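Biologist: I am new to this structure and would like a close look at a single part of it. Could you choose one helix and take me carefully through its form and its surroundings?

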Amino acid sequence: MPEAPQSDTFAALERREWARAELARAYAEVFAKAADMVVPTMVNAVRAEPGMQVLDLCCGHGNVSAGLAAAGAKVTGLDFSPAMLNMARAAVPAAHFIEGDAMDFPFAGGVYDAVTIGFGMPHVPDPPRVLAEVRRVLRRRGRIAFSVWCGPEVDTAFGYVFGAIDAHGSPDIALPPGPGANDYADPELAFSVLEAAGFAECRQEIVQSKWQVQDPGAPYDFFLHGTARGGALLRPQPPECAAAIRAAVVAKVLQNHGAGPSWDVPIPAVVTSAVVAE
Ligand SMILES: C[S@@+](CC[C@H](N)C(=O)[O-])C[C@H]1O[C@@H](n2cnc3c(N)ncnc32)[C@H](O)[C@@H]1O
């Protein structure tokens, strides 16, 4: 039986899952090893420097905030998960963290030099609305950078796990309608939504992030325990489906990355950046 209530909306599922302390901890301690590799590219993309005012939306456990603060920026992190914010406050005492919704944040217009969104775009119900709000709070020539995972068209743990769910998952288990997990890796979509929101000079950069694992099934475990969307599809699977999904992930890792005893499993990311149009 599906674990998520049938009446769940995408927004309710996201809010409930990220609020769970064990999910937030699993994301921060394990899944985010790959997200952490993307931080330097995010920091460079907004040209963070001393004194700059930067808003880090969907800040999670504070990995991007930490990179921005290390570059000397004055950082405000925003997330709706108290569990994530507890970790962020402990990790980055120099930054200011507030609980709030990236769809509707309480800041005045034109106050930030840059906004970062690390792996937040697939989790908000209406990404164009978030980008319009980002434009509103940015100063003249302010910069935005956001990261998303590459989709299954490249060699990625993302494709291994979601491909295995497609092949072996119970047809009774589905997510509520929401944005696609990799939608904003597509430059055509990302740039057109940015331009409609008032941005120019759009560009994308691929980061070859990866997990180093001792178990070829680890990518399955990382998605199971440390993600809202993947976890909501994986946790309710009947045991035979769960076993088949994990076995398919193991087979992919062995086939593509050798016999081990340890594996570098790619989970590349795309960083999209832009500047407020003149
Ligand atoms: C995948 S984690 C990314 C964490 C971190 N930024 C990184 O780069 O690793 C997504 C984060 O977005 C937060 N989030 C999702 N939807 C949100 C929303 N509508 N408003 C605020 N935070 C949100 C979650 O609580 C979670 O901390």
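Modeller: Let us take α2, which has 16 residues but whose end C-alpha atoms are only 20 Å apart, short of the 22 Å that a straight helix would reach at 1.5 Å a residue; the expected span is 1.5 Å times one less than the number of residues. Please bear in mind that this is a predicted model, in which local features need pLDDT of at least 70 and side-chain atom pairs count only at pLDDT 80 or more, while totals for chains, interfaces and linings use all residues. Residues are numbered from 1 along each chain as its sequence is written, and helices (H or I, at least four residues) and strands (E, at least two) are DSSP runs, numbered from the N terminus.

Within α2 there is a kink of about 45°, centred on Val30, where the bend is the angle between axes fitted to the seven residues ending at a residue and the seven starting there. Among the buried residues of this helix are Leu23, Tyr27, Phe31 and Ala35; buried means 20 or more other C-beta atoms, placed from the backbone, within 10 Å of a residue's own, exposed means 12 or fewer, and partly exposed lies in between.

The helix also has a place in the largest nonpolar core, a set of buried Ala, Val, Leu, Ile, Met, Phe, Trp, Tyr and Cys residues joined through C-beta atoms within 7 Å. Of its 93 residues, Met42, Val54, Val115, Val148 and Val161 touch the most other members, and the largest share of this core, nine residues, comes from α2.

Turning to the ligand, α2 (21–36) joins α1 (10–19) and α4 (63–70) in that each supplies at least two residues of the shell around it, a residue being near a molecule if its C-beta atom, placed from the backbone, lies within 6 Å. Ala35, one of the buried residues of α2, is among the five of the 21 shell residues that come nearest, together with Trp18, Cys58, Gly60 and Gly118.

Cys58, in the loop between β1 (53–57) and α4, has a phi near 50°, a positive value in a residue other than glycine. Most residues other than glycine have a negative phi. Cys58 counts as buried because 25 other C-beta atoms lie within 10 Å.
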